[in-house]
Amino acid sequence: MIEAERTARAALSRLFEPQDAAGLALVQVAGAEDALRIATGELNAGLEIEQDMSRVLADNSTGAGWTGLATARMRWASRVPDLAPARDLATMQRLGGRMIIPSDELWPRQLADLGLQEPICLWWRGAERPLPPAAKSIALVGSRDSTSYGSSVTGDLAYSLAQRGFTIVSGGAYGIDAHAHRAALAGSSGGVPTIAVMAGGVDRFYPSGNEDLLRAVADQGAVLAEVPPGSAPTRYRFLQRNRLIAALASVTVVVEARWRSGALNTAHHAETLGRAVGAVPGSVHSANSAGCHRLLREGGAVCVTDAGEIAELASPSGESLPETRTGRAEVQDGLTLEDLILLDALPLRTTSTVEKLATVAGLSADSVRAGLGRLGLLGLAEFHGGGWKRSGKAG
């Protein structure tokens, strides 16, 4: 029974494009096995099936383009001759991978938050081990043409988060994605250090320039896709896989992104799912940070600057509060504004009278006398030969 459903879902993942609302509604209404028979013309769907599909699409606000099952079947017909689920499953076995479905124990339960848009299956290249829950996963995304600043920040964040036991999720692309995966592998503290979600089949690592990196991700973490082996990474599929990156993680952090960027698409998916979104600020002169600043200005993201702040977003209950930042204590800490002004007016080498200090500081003589008394008690001012100067302790 399970194997029949697995085979059916393998076929359906080749028949339907990711997020094909009509196909996903058919699977929800009829089940994977009957959905495959109906979609390929082996089984006639009754009026009740079509009505149920219309209801599911309407409930999920995806029925705008729905013109009936007959139209959808015409759209799918050209792919029917290419269906070879047994071949695709054998390919994954040969690669040391597997295909998992929602009923499997290994299925990431956080994907259910996608509702109707939950993938039919996942093609998985890598060792068989449980994937982390959303609370222990952070998505780091950004520009393919990352700057040295973006690369450095990504490396620091991914390494530190991996050290804290988080899994880094990204898209395997050049730039920010690659730096995130690489640093996560370096900072791994066990488990699944990083997950790469592909837009094409996992039988071929894409882009080719990242092949060695993605092979290391598969060896130590996981490489996932919702499309079967041999599928090309089209522009449409890149945008669709972004929802999986967002759904797998509790927090999506955009490190660098231009005004219009695929990384912003991932952030939008995270927002839609009710996930936290973080954005790393950059230079106002950098086009690569314009998208991050846009997220911050429009209120869609929280400003994040280190791993502790991201961990706090992943655990809002207070389990992972960022470390309190403490700088070196300065002797001037805690002084009133008037005392700070007076301290600045005190000369370092020579001495000055109360009247002259009042003129320089813009304070009354009485305020200067009171202030000098306080500074003297703190060891910040000294009285010598009828005048006052700053002490060595004040610097």
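Rings of Phe, Tyr and Trp (for Trp, its six-membered ring) are taken as a pair if their centres lie within 6.5 Å. By this rule the count comes to three aromatic pairs in this predicted model. One of them joins Phe-16 and Trp-76, two residues that also belong to the largest nonpolar core. The points below cover that pair, the cores, charges over rings and two backbone features.

**The Phe-16 and Trp-76 pair**
- A pair of aromatic rings is described by the distance of the centres and the angle of the planes.
- For Phe-16 and Trp-76 the centres are 4.6 Å apart and the planes meet at 50°, which makes the pair tilted.
- The two residues are 60 residues apart, and the pair links distant parts of the chain.
- Phe-16 sits in the loop between helix H1 (2-15) and helix H2 (21-30), whereas Trp-76 is in helix H5 (residues 69-76).
- Phe-16 has a relative accessible area of 3% and is therefore buried, the cut-off being under 20%.
- Trp-76 is also buried, at 1% relative accessibility.

**Nonpolar cores**
- In soluble globular proteins, nonpolar side chains tend to be buried together.
- The largest nonpolar core holds 47 residues, and the members that touch the most others are Leu-12, Phe-16, Leu-26, Trp-76 and Val-223.
- Two or more residues come from each of H1, H2, helix H3 (32-40), helix H4 (47-59), H5, helix H8 (176-186), helix H9 (211-220) and strand S6 (222-225).
- H2 gives the most to this core, with seven residues.
- Leu-26 touches Gly-31, Ala-35, Ile-38, Ala-39, Ile-49, Met-53, Leu-69 and Trp-76, leaving aside residues up to four places away in sequence.
- A second core, separate from this one, has 33 residues, including Leu-111, Val-197, Leu-248 and Ala-263.

**Charges over rings**
- Arg-98 lies over the face of Trp-124, at 4.9 Å from the ring centre.
- Lys-136 is placed over the face of Phe-166, with 4.3 Å to the ring centre.

**Backbone features**
- Most residues other than glycine have a negative phi, and most peptide bonds are trans.
- Gln-19 has a positive phi, near 65°, although this residue is not glycine.
- Gln-19 lies in the loop between H1 and H2, and at 22% relative accessibility Gln-19 counts as partly exposed.
- The peptide bond from Tyr-206 to Pro-207 is cis, with omega near 0°.
- Pro-207 is found in the loop between strand S5 (194-197) and H9.

Methods
Residues are numbered from 1 along each chain as its sequence is written. This is a predicted model: local features need pLDDT of at least 70, side-chain atom pairs count only at pLDDT 80 or more; totals for chains, interfaces and linings use all residues. Side-chain values use heavy atoms; hydrogens and water are left out. Rings of Phe, Tyr and Trp (its six-membered ring) pair if their centres lie within 6.5 Å; planes under 30 degrees apart count as stacked, over 60 as edge-to-face and the rest as tilted. Helices (H or I, at least four residues) and strands (E, at least two) are DSSP runs, numbered from the N terminus. Buried means under 20% relative accessible area, exposed over 50%, partly exposed in between (1.4 Å probe, protein chains only). A charge sits over a ring if NZ of Lys or CZ of Arg is within 6 Å of the ring centre and within 35 degrees of the ring normal. A nonpolar core is a set of buried Ala, Val, Leu, Ile, Met, Phe, Trp, Tyr and Cys residues joined through side-chain atoms within 4.5 Å. Contact means heavy atoms within 4.5 Å.
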